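User: Hey, I'm new to this one. Could you walk me through it?

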Amino acid sequence: MSTITVLFGTESGNSEMVADDICKQLAHRGIQSEVVGMEDYHVGRLPEQRTIIIVTSTYGEGDLPETAEPFFNALTSSKPDLSAVQFAAFGLGDSSYDTYNRGIRTLTQTFADLGATQIGETGFHDADSGLDPSQVALEWLAGLPMPQAKA
């Protein structure tokens, strides 16, 4: 079985924490995964991946976090064929802003434009809710049709 790559973009560390918790939950389900910061991931590897989970926050006025910008720029300039890739997406944002969760929406649209197929609905955490972002992400993950571990 292939490894699920959990990519995160973060400004304050919350998305990394959520990505780590997603990876731990996948391990409990017998699914092999790895967590990689978008700033450390080469987009040329994307077409080789079977399943990717992207986790990012929105920063400032609807921007991607600084750690996700180089990844996004490389993605939009190289335009890899992602037609064999499935992805799930989870965003962290604050609904008191007009640009609530624009970061994950930008990445989701870009992945889809490059041919990737989304698994389930995009998950959203709202900082204004006061809920723990990892708890919200794990509830979202539980509802996704993820590959099962081999018996």
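Analyst: Sure, one term before we start: a salt bridge is a side-chain nitrogen of Lys or Arg within 4 Å of a carboxyl oxygen of Asp or Glu. Also, this is a predicted model, where local features need pLDDT of at least 70, side-chain atom pairs count only at pLDDT 80 or more, and totals for chains, interfaces and linings use all residues. Residues are numbered from 1 along each chain as its sequence is written, and side-chain values use heavy atoms, leaving out hydrogens and water.

User: Okay, how many salt bridges does the structure hold?

Analyst: There are two salt bridges. In one, the side chains of Lys-24 and Asp-21 meet at 4.0 Å, N to O. In the other, Glu-34 and Arg-45 meet at 3.3 Å, N to O. That second pair links distant parts of the chain, with Glu-34 in strand 2 and Arg-45 in the loop between strand 2 and strand 3, 11 residues apart.

User: And how far apart along the helix are Lys-24 and Asp-21?

Analyst: About one helical turn, because they sit three residues apart in helix 1 (residues 14–28). Helices (H or I, at least four residues) and strands (E, at least two) are DSSP runs, numbered from the N terminus.

User: Is Lys-24 buried or exposed?

Analyst: Lys-24 counts as exposed because its relative accessibility is 52%. Asp-21 is partly exposed, at 22%. The cut-offs are under 20% relative accessible area for buried, over 50% for exposed and partly exposed in between, with a 1.4 Å probe and protein chains only.

User: Switching topic: what about His-125, buried or exposed?

Analyst: Buried, since the relative accessible area of His-125 is 5%. His-125 is found in strand 6 (residues 123–126).

User: Which residues does His-125 touch?

Analyst: Not counting residues up to four places away in sequence, they include Phe-90, Leu-92, Tyr-100, Leu-131 and Val-136. Contact here means heavy atoms within 4.5 Å.

User: And where is Ser-96?

Analyst: Ser-96 lies in the loop between strand 4 (86–93) and helix 3 (102–113). Ser-96 counts as exposed because its relative accessible area is 51%. Ser-96 and Asp-128 are 32 residues apart in sequence and 6.8 Å apart in space, C-alpha to C-alpha.

User: Last one: where is Asp-40?

Analyst: In the loop between strand 2 (33–37) and strand 3 (51–57). Asp-40 is exposed, because its relative accessibility is 59%.
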